[in-house]
Each structure stands twice: as structure tokens, then as C-alpha cells.
Amino acid sequence: MVRDVPIGESLGLVVKGWRSTDEGLFLRVQGHQEEVRLVSRCGRCHWIVREQYRAEGPKLVVTCHGCNEQMTYALEGSGAAAR
Ligand SMILES: [Zn+2]
């Protein structure tokens, strides 16, 4: 089962891969066997995802389609999961 993670509990996740689907945004994160699904404060699971390459390391920036909630995570590896 995929675990739903509220945005408020997602601080500090290290993202190893991600995929965006009709059911929402799924993240592979360090320390978890299963994918987690990111849930916004507004209850939606759909996010605009951008990978940013910064001096301190790559980041994954997610923005909620519904309420514009935004969060940034450390990104490890090459980012986007194989489709
Ligand atoms: Zn939202």
C-alpha cells in the first residue's frame, strides 16, 4: 500500500525519484521501501514538479495545483523515475 504523507509531515524528505500520475504525485524517498503520496493541506495530491540544480545540490520543488502550497526537498540521484 502506498502511504499518504501530509505536506506538513514531509519536511526533510530526501527524494530519490518521483512520478506524477492521475492519482497524484508519488515519491520514492530515502528510508522508505514503498512510495509515498504527497497530500496538500487542501487535500489534493496533484503537484507541479520542478527539478532545480543549485550550488548546494539538486532540489525538487513541488507546488500544489489547488492552493499553491509549495515545498522543497533534497533530490538524490537523477530525479525523474523511469516511466
Ligand atoms: Zn493544495
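**Reading a seven-stranded sheet**

Tutor: Let us start at one residue of this predicted model: Asn68 has its place in the loop between β6 (57–64) and β7.

Student: What is the phi of Asn68, and is that residue buried or exposed?

Tutor: The backbone angle and the count of neighbours are read separately. Asn68 has a positive phi of about 70° although it is not a glycine. As for its surroundings, a residue counts as exposed if 12 or fewer other C-beta atoms lie within 10 Å of its own; Asn68 has 10 such neighbours inside 10 Å, and therefore it counts as exposed.

Student: Which secondary structure elements does the protein chain contain, and in what sequence do they run from the N terminus?

Tutor: The protein chain comes to zero helices and seven strands, so that from the N terminus on its elements run β-β-β-β-β-β-β. The radius of gyration of the protein chain is 12 Å, close to the 12 Å that the globule rule gives for 83 residues, and the chain is therefore as compact as a globular protein of that length. The C-alpha trace spans about 30 × 25 × 25 Å along its principal axes, while buried residues make up 18% of the 83 residues.

Student: In what order do the strands form the sheet, and which are the edge strands?

Tutor: The order in a sheet is read from the pairing of its strands. Here the seven strands form an open sheet in the order β1-β4-β3-β2-β7-β6-β5, with mixed pairing. Its edge strands are β1 (3–6) and β5 (47–54), each of which pairs on one side only. Neighbouring strands of this sheet are turned by 35° against each other on average, with direction ignored.

Student: In what sense does β2 pair with β7, and in what sense with β3?

Tutor: Each pair of strands has its own sense, and strand β2 (residues 14–21) illustrates both. With strand β7 (residues 70–75), β2 pairs in the parallel sense over two bridges, whereas with strand β3 (residues 24–29) β2 pairs in the antiparallel sense over six bridges. Val15 stands opposite Leu75 in β7 and also opposite Val29 in β3. The hairpin that joins β2 to β3 passes through two residues.

Student: How many bridges join β3 to β4?

Tutor: Two bridges join β3 to strand β4 (residues 36–39), and these strands run antiparallel; in this pairing, Leu27 stands opposite Val36 in β4.

Student: What share of the contacts between residues at least 6 apart in sequence joins residues at least 24 apart?

Tutor: Among those contacts in the protein chain, the share that joins residues at least 24 apart is 45%.

Notes. Residues are numbered from 1 along each chain as its sequence is written. This is a predicted model: local features need pLDDT of at least 70, side-chain atom pairs count only at pLDDT 80 or more; totals for chains, interfaces and linings use all residues. Two strands pair if DSSP finds at least two bridges between them. Helices (H or I, at least four residues) and strands (E, at least two) are DSSP runs, numbered from the N terminus. A residue is buried if 20 or more other C-beta atoms lie within 10 Å of its own, exposed if 12 or fewer, and partly exposed in between; C-beta atoms are placed from the backbone. Axes are lines fitted to C-alpha atoms, for helices over the stretch in contact, and angles run from 0 to 180 degrees between N-to-C directions. The radius of gyration is taken over C-alpha atoms; the globule rule is 2.2 Å times the number of residues to the power 0.38. Two residues are in contact if their C-beta atoms, placed from the backbone, lie within 7 Å.
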